[in-house]
Amino acid sequence: MPRLTQADLANLNHNFEERTPQELIQWAAVTFDQRVAALSAMQQSGNVIAHMISQLGLKIPILFVDTGVMFQETLDTRDRLARDYNLEIRTLQPAKTMEEQTAEHGVLYLSPDGQEKCCHMRKVEPLQRIAGQYSGIVSSLRRSDGGRRAHNPILTIDVEMNALRINPLANFSDEQMTEYIETNRVITNPLHAQGYATIGCNRCTTPVMPGEPKRAGRWRHLGPWSMYCGINPTDMNDPTHNYIELTQEEIDRIMGIENDFMI
Ligand code: SF4
């Protein structure tokens, strides 16, 4: 099967820096047709992507991983987006309930090793189970979120999902985000207004204090504020290979060969 590496994407990534998020979402829709989905945790940036998809009239489904221990506000946000923006939201779930997992393994999220295991079972595996269904995944990572996201390219290979990740908001600043949300009255998770800068499971997420890094509220009980769940390529410590395998036609479309759709 033809391979695509991160290095192959260097020129495209350079050119795409000048494109708007809406142009990049359109590009993903045209390039991958039925084989593209968006991934959202029902946080601010994911909701902005959802709003853009809706405004553009695109039929891109949104993937949401419900770990079984999400805040009710997050589930309500998902339902509002589906209803008000007329979106197809596909909820993915872990194989076991949190109760079943705890009976088998104990309370995992209280130690760094356990957190990795728990996030893998509850967040990564549900997504891995649908690997192969989509060749393009629109994500909402932003460089201004800092940490491992600070240098995230617009296009990234995702070896776990064997898909191309498209980050239309990679260079969207905090100011642009606020302006877009206010101008368009984007539906947002009410937890943001309660001090939650980023939002994950209710077991492992707290609000942040003024002056704290945005991710300080994630796994606060485990110490350093640099932990990630492993659901994004930027979260991985040690990728074992550095390519994805797509059809030649998909690669040609990505690279702008044999089609004239260049934004
Ligand atoms: S965020 Fe916490 S509860 Fe949620 S999957 Fe990860 S370790 Fe488990």
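Start with how the chain folds back on itself: in this predicted model, 74% of the contacts with a separation of 6 or more join residues 24 or more positions apart. The protein chain has eight helices and eight strands, and buried residues make up 37% of its 263 residues.

What about overall dimensions? The C-alpha trace spans about 55 × 45 × 35 Å along its principal axes. A compact globule with 263 residues would have a radius of gyration near 18 Å, and the protein chain has 18 Å, so the two agree.

**A look at helix 3**

Helix 3 covers residues 44-55, and its length works out nicely: at 1.5 Å a residue, its twelve residues should span 16 Å, and its end C-alpha atoms are 17 Å apart, which agrees. Is this helix enclosed or open? Ten of its twelve residues are buried, so helix 3 is largely enclosed by the rest of the structure. Among those buried residues are Gln-44, Asn-47, Ile-49, His-51 and Ile-53.

Here are the elements that the buried residues of helix 3 pack against:

| Element | Residues |
|---|---|
| Helix 2 | 21-32 |
| Strand 2 | 36-39 |
| Strand 3 | 62-65 |
| Helix 4 | 72-84 |
| Strand 5 | 136-138 |
| Helix 7 | 174-184 |

After helix 3 comes Gly-57, which has a positive phi, near 70 degrees.

**The nonpolar cores**

Which residues touch the most other members of the largest nonpolar core? Out of its 45 residues, they are Ala-28, Val-36, Ala-37, Ala-38, Ile-49, Ile-53 and Val-138. Several elements each give this core at least two residues: helix 2, helix 3, and strands 2, 3, 5, 6 (155-158) and 7 (163-166). Helix 2 provides the largest share, with six residues.

Val-36 makes a good example to click on. Leaving out residues up to four places away in sequence, Val-36 touches Ala-28, Ala-29, Ile-60, Tyr-134, Gly-136 and Val-138. Apart from this core lies another one, of eleven residues, including Met-70, Tyr-109, Trp-219 and Cys-229.

**Around the ligand**

How many residues surround the ligand? There are 13, and the closest are Tyr-109, Cys-118, Cys-119, Cys-201 and Cys-204. Sorted by class, this shell has seven nonpolar, three polar and three charged residues. Tyr-109 is worth finding twice, since Tyr-109 is one of the closest residues to the ligand and also belongs to the eleven-residue core.

Notes
Residues are numbered from 1 along each chain as its sequence is written. This is a predicted model: local features need pLDDT of at least 70, side-chain atom pairs count only at pLDDT 80 or more; totals for chains, interfaces and linings use all residues. Helices (H or I, at least four residues) and strands (E, at least two) are DSSP runs, numbered from the N terminus. The expected span of a helix is 1.5 Å times one less than its number of residues. A residue is buried if 20 or more other C-beta atoms lie within 10 Å of its own, exposed if 12 or fewer, and partly exposed in between; C-beta atoms are placed from the backbone. Two residues are in contact if their C-beta atoms, placed from the backbone, lie within 7 Å. A residue is near a molecule or strand if its C-beta atom, placed from the backbone, lies within 6 Å of it. Ala, Val, Leu, Ile, Met, Phe, Trp, Tyr, Cys and Pro count as nonpolar, Asp, Glu, Lys and Arg as charged, and the others, Gly among them, as polar. A nonpolar core is a set of buried Ala, Val, Leu, Ile, Met, Phe, Trp, Tyr and Cys residues joined through C-beta atoms within 7 Å. The radius of gyration is taken over C-alpha atoms; the globule rule is 2.2 Å times the number of residues to the power 0.38.
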